[in-house]
Amino acid sequence: MSLNNKNILLCITGSISCYKSVDLYRRLKKAGAKVKIVVSSSAAKFISPYIFESFGEEVFEDDAFKSPLSHIDLSKFVDIILIAPATYNTINKFASGIADTLITLTVAAAPDKPKLIVPAMNPNMYANKILKENLKKLSLFNFSVISPATGAAACGDFGEGRFPEIDDIVFEVESALKEKRLKDKKVLVTAGATKEYLDPIRFMSNGSSGKMGISLANAALKAGAEVTLIALNLNIDNGSSIGGCAKYVNGRIKVINRTDFAGLKEALLDEFKKTDILFMAAAVSDYSFKEKSPIKIKTKDVCETEPTPTLKIELIQNEDLLKAVSKIKKEGQIVFGFAAETDSVLENGRKKLAEKSLDYIFINDVSKDIIGSDENEGFLINKSGEIKNFKRESKESLAEKLIEEIS
Ligand code: CTP
């Protein structure tokens, strides 16, 4: 679990979106965190502290004077303080050093601990320059901010100010608590399957979902890297989601969308020059169609009718991109390849590691229902020939482990 043994103080302040903190709390618990909760007196008008007490949690009311040392105890307990939702008033108080409630006092007593602010308010209030200046100021003092979502506010105004997706908040909490092992490193990930078109309608592809590549991109981002993702047919629009696993791509990842082998090759060779670590998780077609029709091919035009109707198509072999990359690789650059194997798994993996001059290879045994699955298992081999076995686990947690291995 990604937040195992992490101590989180969830501070809930008085926005109409407070009720969403209950879902947030449950997700943090599911991820393994220990959570203590402070409900401000305004928030208590929207949601009852009994909700959290029913889950067996210790809930603190935001009364600064009830127990004189609560703020000191809480500041020592926390690995991170999460203020979600954070109101205009509370954020501006933090920035001015005001400490007149349990939440503001605890924040004041924890200057070295990470603090994550989740603003949620009317769009005009969020656009207010006083708030914007104060958020900028707080970013210098161990505070980070999750941008609110855009949409209709409770009052009917439209704009930026809505409580963000719970997944995005949990991602940022995990990220804030992660050691920045890849700080100042540029990571390039390829993910998904190429589509080779025969005509505007028909294509040749494979069942790769892109989940492993996306998980690696997210894990590298959490580890502090600057991440570029070459996404093959994953429907990602400017780093935001449209559907499927693409919705898990964090908005801070630079996304380059490509379709086929040629597009992938052009983007890869260009981006690789600026890269420290390449994860080549894409499932690349080994062949393309020799001829591609600009208009839809008609059945009757291409079928040879004797003895059974037959369609003959010629394929040309695509270049191996990892071999191409290895030729331009400079000292210090790391190339991490993948292999999908159904038999002689380790033997084939070793062969590919050597032939493609890789630093690492992760070998999936795809006979075990891995393609398209949320889980993965396999072997990691490094260029000294050391082998590590990874048992079946979620692609997210495997990605975190692979990032740790190479960093
Ligand atoms: N790969 C590549 N260029 C290709 C084909 C594959 O760079 N034209 C990369 C993949 O992205 C992966 C690794 O090579 O990181 C191994 O891919 P895989 O499909 O397992 O193996 P192939 O090299 O294509 O060999 P085979 O299909 O014969 O098993």
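Q: How do the residues lining the second largest pocket divide into nonpolar, polar and charged?
A: In this predicted model, the lining has 17 nonpolar, 15 polar and seven charged residues. Glycine counts as polar in this division.

Q: What makes up this second largest pocket, and how much space lies in it?
A: The space is about 930 Å³. Of the 39 residues that line the pocket, Ala282, Ala283, Val284, Phe338 and Ala340 are the closest to its centre. Strand 9, helix 10, helix 13 (321-328) and strand 17 are the elements that give two or more residues to the lining.

Q: How many cavities of 30 Å³ or more are there, and what makes a space a cavity?
A: The count comes to one. A cavity is a space where a 1.4 Å probe fits but cannot get out, whereas a pocket is open. The largest cavity has a volume of about 60 Å³, so it passes the 30 Å³ cut-off.

Q: Which residues line the largest cavity, and of what class are they?
A: The lining consists of Lys178, Glu179, Arg181, Ala219, Ala223, Glu400, Ile403 and Glu404. Three of them are nonpolar, none is polar and five are charged. Helix 15 (residues 395-406) supplies the largest share, three residues.

Q: Which residues of helix 1 are called buried?
A: In helix 1 (residues 20-30) they are Ser21, Val22, Leu24, Tyr25 and Leu28. Buried means under 20% relative accessible area, so each of these residues falls under that value.

Q: How do you know where the buried residues of helix 1 lie around its axis?
A: The buried residues Ser21, Val22, Leu24, Tyr25 and Leu28 cover an arc of only 160° around the axis, which puts them on the same side of helix 1. They pack against strand 1 (7-12), strand 2 (34-39), helix 3 (50-54), strand 4 (80-86) and helix 9 (166-177).

Q: Which residue follows helix 1, and what is the sign of its phi?
A: Glycine 32 follows helix 1, and its phi is positive, near 100°.

Q: Which members of the largest nonpolar core touch the most other members?
A: Among its 36 residues, these are Leu216, Leu229, Phe279, Phe336 and Leu402. Helix 10 gives the most to this core, with seven residues.

Q: What is phenylalanine 336 in contact with, beyond its neighbours within four places in sequence?
A: Its contacts are Leu278, Phe279, Met280, Tyr360, Ile361, Phe362, Leu380, Leu402 and Ile406. Contact means heavy atoms within 4.5 Å, so each of these residues has a heavy atom within that distance of phenylalanine 336.

Q: Which residues does the second, separate core include?
A: This core has 30 residues, among them Val22, Leu24, Ile47 and Ala120.

Methods:
Residues are numbered from 1 along each chain as its sequence is written. This is a predicted model: local features need pLDDT of at least 70, side-chain atom pairs count only at pLDDT 80 or more; totals for chains, interfaces and linings use all residues. Side-chain values use heavy atoms; hydrogens and water are left out. On a 1 Å grid over the protein atoms alone, a cavity is a set of points where a 1.4 Å probe fits but cannot get out, and a pocket is an open set with protein on both sides within 12 Å along at least five of seven lines; lining residues have an atom within 4 Å of a point. Grid points are joined across faces, edges and corners, and a volume is the space filled by probe spheres set on the points. Helices (H or I, at least four residues) and strands (E, at least two) are DSSP runs, numbered from the N terminus. Buried means under 20% relative accessible area, exposed over 50%, partly exposed in between (1.4 Å probe, protein chains only). The arc is that of the directions from the helix axis to the C-beta atoms. A nonpolar core is a set of buried Ala, Val, Leu, Ile, Met, Phe, Trp, Tyr and Cys residues joined through side-chain atoms within 4.5 Å.
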